[in-house]
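Me: Could you take a close look at one part of this model, namely its loops with unusual backbone geometry, and then place beside it the sheet and the helices that pack there?

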Amino acid sequence: QTHFIFHSLQAKMSRPVQARRLEGIDKNIWVEFVKLAATYSKVNLGQGFPDFPAPDFLREALTRALSGGNHMLHQYTRAFGHPPLVKVLAQFFEKLLGRDLDPMTNVMVTVGAYQALFCCFQALVDEGDEVIIIEPFFDCYEPMVKMAGGTPVFVPLRLNPPKDGKLMSSADWQLDPAELASKFSERTKAIVLNSPNNPLGKVFGRGELGLIAELCVKHDVLCISDEVYEWLVYDGKQHIRIASLQGMWERTVTIGSAGKTFSATGWKVGWVVGPDRLLQHLRTVHQNSVYHCATIAQEAVAQGFQRELMLYGKPESYFVQLPKELQQKRDWLVQSLDGVGMKPIIPEGTYFLVADISPFKSDVPDVPNSDEPYDSTFAKWMVKNKGLAAIPLSAFYSEAHKNNYTNFIRFCFAKEEATLKAASDILQKWKQEKTSS
């Protein structure tokens with residue numbers, strides 16, 4: 001009898017257990033590189049998080065929420081967003097988008113921008129729908145589209161390098177209007193826009209956004225606009241919100257992040273802003289997945305936004321100060337990289353800077369007969385042999401295009417001065433070893 005039970009259990013276990021929607025999306029660059037960085041790196045400029053503290057006013061707000069008299073902050077709040085937070089987000093985005101917003105229907109709070117993206121794809125993309133993704137792209141867009149049953153369609157930013165020997169800028173990576181237009185068809189459900197763009201740091205200008213908007217209106221396509229770096233733009237550049245362009249409000253979901261806005265990525269508070277006709281479907285996915293986000297974190301973020309609303313546009317606003325600080329860090333890393341012969345692409349926004357590693361190719365041999373892109377081989381070699389962690393640019397491309405851009409790696413400069421200096425020291429030492437050998 002026992003033998004029979006054991007046998008039937010064993011027989012049952014041979015069925016495939018994974019859902020078909022997970023096929024081919026099980027690999028994740030971050031799992032591998034985070035592990036490598038944890039094992040080998042002395043200096044980690046890989047993952048996109050600051051190693052400096054969140055601002056005092058935000059930490060104080062959290063402490064107050066935690067130790068204050070309102071014990072209800074330790075319990076559930078409203079599933080689609082803590083009322084004080086959705087109210088202040090609505091007030092803030094009314095200013096930015098130039099339209100009235102209803103906090104209860106035009107704003108939803110999510111577990112970071114990551115869950116906001118997941119809700120968008122699950123709620124708006126059907127089997128067989130096509131979703132246009134601009135390459136290079138934040139890597140979760142592709143698996144999330146596939147998981148929803150959609151088909152990703154890729155359109156690249158094409159590099160037009162400056163002729164005068166100047167350093168490249170993220171603005172030199174541009175959409176080809178004809179190529180972009182050719183990707184829209186009756187099967188296109190949505191386009192994903194990420195401006196400022198991770199990994200390049202490109203801030204899309206009015207011309208390119210206008211082109212995207214025109215195509216969305218013409219083909220009746222939705223826009224999922226990932227704007228988590230909206231405050232982090234440099235050199236006096238302006239971040240334009242595509243939802244504010246003509247015909248775009250009713251078809252755009254705008255995604256934001258307190259993690260990037262207030263340098264507190266571990267809090268996992270994000271949001272979506274958009275018309276109720278789209279957000280109602282996101283709410284359905286949200287209530288049937290996470291249901292609810294941490295009350296205390298939402299309370300503290302609400303207070304952070306209330307402060308910023310009062311200081312809006314003033315020099316002491318965190319949204320004015322943070323990009324100034326980050327621009328200095330960017331410039332410092334640009335000089336360090338340029339000084340050792342890694343050619344940086346100067347980003348107009350974000351935490352990130354991409355650099356051309358071609359001059360270092362002689363140090364890091366290509367692995368013959370490997371299907372791994374060279375930049376990935378290089379990044380792994382660099383973390384193991386030099387203790388410096390970065391991410392290969394090919395990680396931000398689809399399988400078919402991974403080998404088109406294999407001479408670039410991405411660094412994160414949202415770090416303490418000491419961290420950036422330690423990275424610079426590693427690079428300087430490496431350069432000296434190159435010249436003396």
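Reply: Pro196 is found in the loop that runs between strand E7 (188-194) and helix H8 (206-219), and in this predicted model the peptide bond leading into Pro196 from Ser195 is cis, with omega near -10°. A cis peptide bond also joins Glu135 and Pro136, where omega is about -5°; Pro136 lies in the loop between strand E3 (130-135) and helix H6 (141-147).

Helix H8 leads on to another backbone feature, since the loop between H8 and strand E8 (222-226) contains Asp220. Asp220 is not a glycine, yet its phi is positive, at about 55°. Is Asp220 buried or exposed? With a relative accessibility of 57%, Asp220 counts as exposed, because the cut-off for that class is over 50%.

A positive phi, near 55°, is also found at Ser263, again a residue other than glycine. Ser263 sits in the loop between helix H9 (258-261) and strand E10 (270-273). The relative accessible area of Ser263 is 6%, and Ser263 is therefore classed as buried, the limit being under 20%. Set side by side, the two residues with positive phi differ in their surroundings, in that Asp220 is exposed whereas Ser263 is buried.

The sheet comes next. Four strands, in the order E11-E12-E15-E14, form an open sheet in which the pairing is antiparallel. At its edges are strand E11 (343-345) and strand E14 (391-392), each of which pairs on one side only. In general, the strands of a sheet pair through backbone hydrogen bonds, in either a parallel or an antiparallel arrangement. Between E11 and strand E12 (residues 352-356), the antiparallel pairing extends over three bridges, and Pro344 has Ala355 in E12 as its bridge partner.

Two helices pack on this sheet. Helix H12 (residues 318-340) touches E11, E12 and strand E15 (408-412), and the direction of H12 makes about 10° with that of E12. Helix H13 (residues 374-386), for its part, touches E14 and E15, and its direction makes about 45° with that of E15. Strand E15 is thus touched by H12 and also by H13, while the edge strands are divided between the helices, with E11 in contact with H12 and E14 in contact with H13.

Notes: Residues numbered from 1 in each chain as written. Predicted model: local features only at pLDDT ≥ 70, side-chain atom pairs only at ≥ 80, totals over all residues. Heavy atoms only, no water. Pairing = 2+ DSSP bridges. Contact = heavy atoms within 4.5 Å. Axes fitted to C-alpha atoms, helices over the stretch in contact; angles between N-to-C directions. Buried < 20%, exposed > 50% of the residue type's maximum accessible area, 1.4 Å probe, protein only.
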